[in-house]
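Biologist: I am new to this model and would like a close look at one single part of it, followed outward into its surroundings. Please take it slowly and explain the terms as they come up.

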Amino acid sequence: MKSYRQQNRAIISYVPRVEPAPPDHASKVDGYRDVWLLRGKYVAFVLMGEKFRRSPIFSVPEAAQRWALQMRQEGEIDEE
């Protein structure tokens with residue numbers, strides 16, 4: 001009997017989009033440092049160098065902020 005695990009399956013990971021700035025039609029969510037409301041969903045924009053990294057879409061702002069904090073830790077960005 002075959003096992004159900006697929007050993008050689010490629011791991012898909014999210015690669016953040018690089019953008020010059022958050023879009024004009026996005027609105028900043030009060031109480032969160034990096035979270036913006038974009039088309040009814042929450043997205044985090046983290047400034048890394050001269051470009052912003054955009055998170056995947058989240059349904060709650062807390063998740064987007066956690067993603068932003070994790071990106072800062074991985075990128076070792078100075079907190080301002």
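Biologist: Does R39 count as buried or exposed?

Modeller: R39 counts as exposed, because its relative accessibility is 67%, where exposed means over 50% relative accessible area, buried means under 20% and partly exposed lies in between, computed with a 1.4 Å probe on protein chains only. Before going on, please note that this is a predicted model, in which local features need pLDDT of at least 70 and side-chain atom pairs count only at pLDDT 80 or more, whereas totals for chains, interfaces and linings use all residues. Residues are numbered from 1 along each chain as its sequence is written, and side-chain values use heavy atoms, with hydrogens and water left out.

R39 is found in the loop between β3 and β4, and its phi, near 55 degrees, is positive although the residue is not a glycine. Most residues other than glycine have a negative phi. The strands here are DSSP runs of E with at least two residues, while helices are runs of H or I with at least four residues, and both are numbered from the N terminus. The hairpin of β3 and β4, to which R39 belongs, has two residues between its strands. Strand β3 covers residues 35-38 and strand β4 covers residues 41-48, and the two run antiparallel, joined by four bridges; strands are said to pair if DSSP finds at least two bridges between them. Within this pairing, L37 has Y42 of β4 as its bridge partner.

Following β4 onward leads to another hairpin. There, β4 pairs with strand β5 (residues 51-54), again in the antiparallel sense and over four bridges. The hairpin of β4 and β5 also has two residues between the strands, and G49 takes a positive phi near 75 degrees in it. In this pairing F45 has R54 of β5 as its bridge partner.

F45 takes part in another kind of pairing as well. A search of the whole structure finds one aromatic pair, and it consists of W36 and F45, whose ring centres are 6.3 Å apart and whose planes stand at 85 degrees, so the pair is edge-to-face. For such pairs, the rings of Phe, Tyr and Trp (its six-membered ring) must have their centres within 6.5 Å, and planes under 30 degrees apart count as stacked, over 60 as edge-to-face and the rest as tilted. F45 counts as buried, because its relative accessibility is 2%.

R54, the bridge partner of F45, opens the way to the charged side chains. Three salt bridges are counted, each being a side-chain nitrogen of Lys or Arg within 4 Å of a carboxyl oxygen of Asp or Glu. One of them joins R54 and E19, at 3.6 Å from N to O; this pair links distant parts of the chain, since R54 is in strand β5 and E19 is in strand β1 (residues 17-19), 35 residues apart. R54 is buried, with a relative accessible area of 12%, and E19 counts as buried at 10% relative accessibility. E19 also meets R17 in a salt bridge, at 3.1 Å from N to O, and R17 counts as partly exposed, at 47%. A salt bridge of 2.6 Å, N to O, is formed by D34 and R72. D34 lies in the loop between β2 (27-28) and β3, and R72 in helix α1 (residues 61-75), so this pair ties together parts that are 38 residues apart in sequence. Both D34 and R72 are buried, while R17, E19 and R54 are joined into one network by salt bridges that share partners.

Next to R54 in the numbering comes S55, which lies in the loop between β5 and α1. S55 counts as buried, because its relative accessibility is 1%. A polar atom of the S55 side chain lies 2.8 Å from the backbone nitrogen of A44. Leaving aside residues up to four places away in sequence, S55 touches Y14, V43, A44 and W67, where contact means heavy atoms within 4.5 Å.

To set these parts in the whole, the protein has one helix and five strands, running β-β-β-β-β-α from the N terminus on. Buried residues make up 34% of its 80 residues, and R39, where you began, counts as exposed.

How values were computed. A polar contact is a pair of N or O atoms within 3.5 Å; within protein, one must be able to donate a hydrogen and the other to accept it, and residues adjacent in sequence count only if both atoms are side-chain atoms.
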